[in-house]
Amino acid sequence: MEKSSIQKDTPWPGDDDDVHDHVTQRSQGFLSLLNARTSTELMPQTVVLHGAAGVGKTTLAKKCMLDWTQAGQARARPAALYLSCKALSRRGPCTLAELLADSAPGPRRALPQLLARARTLLLVIDAFEELRVPAAALARDLGSDWGARRPAPVLLGGLLKRKLLPAATLLVTTRPEALGELRLVVEQPLLVEVEGLSEPERRAYLRRQLGGEAQARRAWQLMRSNAALLRLGSAPAVCWMLGACLRLPADEGDDPGRTCRTAASLLLRFLCSRFAPAPGSCPRPRPRAPLRVLCLLAAEGVWAQTSLFEPRDLRRLGVREADLRPFVDRSLLLESGECAGCYRFLHLSLQHLLAAALYVLGGGEGGPGCGARGVRTLLSKEEGRRNPHLAHVGRFLFGLANEDRVRELGAAFGCPVSTELKHELLACTVRSPENGPFSSVTDTRETLCRLYESQDEPLVKEAVAQVTEVSLHLKDPTDLAHASFCLKHCERLQKLRLRVEKGVFLDDDTASGSEAQAAGSQYDHLSLQLWADLCLVFSSNKSLCFLDVSQSFLSSSSVRILCERITRVTCHLQKVVIKKVSPADAYRSLCLAVIGKKTLTYLVLEGGGHSDKLLLLLLCEPLKHSRCNLQYLRLSRCNITRRDCRHLSKLLQEDSSLTNLDLGFSPIATGSWYLCEALKKPNCNLRCLGLCDCSITPSCCQGLALVVVSAQRLETLDLSWNTLGQSGIMMLFEALKQNNGPLKILRLEMDESSMEVQKLLKDVKDSSPNLTIERSDARTTRSPCVTLSLIP
């Protein structure tokens, strides 16, 4: 295979030396890994290269073929064959030899000898996601006759399942959306993610394309400041499009950071620029009709889940090759080298945008070419589960709901466009009860992504006007950008739940001085900017009263920003839950930020077993003051010890506002004695005490027995998951027989097989009919010690 055949499918114009170097490095590293594994394992490898569209999977696979065939020192006469799933989809029944013959080197008669050396054979199966057959077709039994003519997908299934050529090494490429289906067919594959251009490679690529360090730095800063572009920029085609847009002469007051803020705005600017006249030249003819033809072709590909268009597809849609020529000449549509007369788009995202554009060119619901594939169908959850491409088109639909953008499209191509799309989008999503845009974390994430893509603040404000509760799962800076843009318009937001994945913020203990750390600092600066924008909601939204931060990996800087907003007098949080958060000192900082607020009534701190003595002191001091209204110090898994219970006892005896205290899963043990002393005092207002799994022993039960008799306000006592022993249970029950106090619920672990315990239990129920005794064991799910009125 010649080097040019690898570059032939490169979908971006211009000098591609940087991209070729990138592919060469990846190929060499990949082949080294494969050689090491193949030499030590008896079974040949099935390797799957998976990654987003345009990151170079096919190019890398073809380079691996070249390197494989040139590695003659390691293998005897190695060979490599290439199968395109796009081509397989249109092929009729054939034999295995006929299937492989087109890509076999040398004359066809030499193929049997090549297959006889299958252990030295690398078989590339490219673009698995383009296979237009149901998965069941791949699993059909081949029978024993390999020479029989079979449908091509059946033969492919035999190769993937290693029924055919079991000794060969397989290299399969696929996009992420088809990875699950592929894994049902192949056994024990080696999965390799292709991430595209690294950040240094992107900078070098932009430098070569833009012709100077200053322009490249400007382009890189724009990409760095935009989480969506940063993610898309790993594809060389997107880097090229970004550079092409930045080379455009800026209109008066035109800020590229604004016009390229989202994927939709970047792609639309690029699309329109390809037909803009050069400065000082005559206007070019505007391809009004062909644009709609191109959009129709893109939409048909989306619904058929393909990015390759064959001559029969063009004939079926009534598309002439002459209609496509203006787009081929401008590198928007590419002639595929895989088959004569076949086309594909420069990048899959461009196909998605053009498919969405069909709905503003008069091709929406009821329009020609769409049939029943209207906006409502496109955005439905059911269709989205069947076709992952629809989610991307749906986001671009919201991008085209921006009237400025859709007018730019109409002006560039001289065609009428509709500006009424936003009303249909709202009707099909936000106002649609069956879609439930904020009903789950996943739905919320997709809804915020769509709204951000619009960059239309009036649209966003109307979409979130009735939202009162939001749960965010923040996985990267893109999620931060979406949430910060949309939540500032949620004027009725009352409850916010946050979960932040590891990697969103730079770890506090990350080593400094390296190039990777410097790049990470830039990344973290972007994350912190977006986080600060998101945290504005705490001081600007008067309705927000509940915050839950759980299972989150924060940093000192992000915690500081959050605390600064919470301490504002305009923040009116009433209930705060902090659970399983890192770093460990985040508990102390957040506690200090919220504990002094007059509005706070409910606080949960659930840690990972760390011990922080200062934390307890910080909690106790404000609770002594009359202005503190905190009622519920759930300090679960916070390692509260006997010594800490002394501080809590003093607090409870000082007419504190606390009515509920849960100290579950801490080694309190005999520290319960101090709590009992406080509960016997008349000025103790505690109504619920939770001591679940607190190492309470039979020796502690004497003090607890006095409490259930003398405590004037205690209504709930949770002693579940403690080994009280029969002696401890007997002490408690004897005291309860005399109980005339307010206790209503007692939770504990007991052995009801004992006759003495059964008798005492009956006596207790007779003497205290209003008391409920709940038995706990290891199989019981433990409920927090809290009255129903306080559950958020």
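**Exercise 1. State where the confidence of this predicted model stays under 50, and set those stretches against the chain average.**

Solution. Begin with residues 1–15, over which pLDDT stays under 50, and for which the model has 29 contacts beyond four places in sequence. Continue with residues 363–371, where pLDDT again stays under 50 and the contacts beyond four places in sequence come to 19. Finally, place both stretches against the chain as a whole, which averages a pLDDT of 82, with 81% of the residues scoring at least 70.

**Exercise 2. Determine how the buried residues of helix α18 are arranged about its axis, and what follows the helix.**

Solution. First list the buried residues of α18, which spans residues 321–329: they are Asp323, Leu324, Phe327 and Val328. Viewed down the helix axis, these buried residues of α18 fall within an arc of 135°, and therefore they line one face of the helix. The general background is that an α-helix has 3.6 residues a turn, so residues three or four places apart point the same way. Next, turn to the face of α18 directed away from the buried side, where the exposed residues Ala322 and Asp329 are found. Lastly, note that α18 is followed by Ser331, which has a positive phi, near 65°.

**Exercise 3. Locate Pro416 among the helices and decide whether this residue is buried or exposed.**

Solution. Start with the chain context: Pro416 belongs to the loop that runs between α23 (403–413) and α24 (421–428). The relative accessibility of Pro416 is 55%, and because exposed means over 50%, Pro416 counts as exposed. To complete the picture, consider Val360, which is 56 residues from Pro416 along the chain, while the C-alpha atoms of the two are separated by 8.6 Å.

Technical notes: Residues numbered from 1 in each chain as written. Predicted model: local features only at pLDDT ≥ 70, side-chain atom pairs only at ≥ 80, totals over all residues. Heavy atoms only, no water. pLDDT = per-residue confidence, 0-100. Contact = heavy atoms within 4.5 Å. Helix = DSSP H or I, 4+ residues; strand = E, 2+ residues; numbered from the N terminus. Buried < 20%, exposed > 50% of the residue type's maximum accessible area, 1.4 Å probe, protein only. Arc of directions from axis to C-beta.
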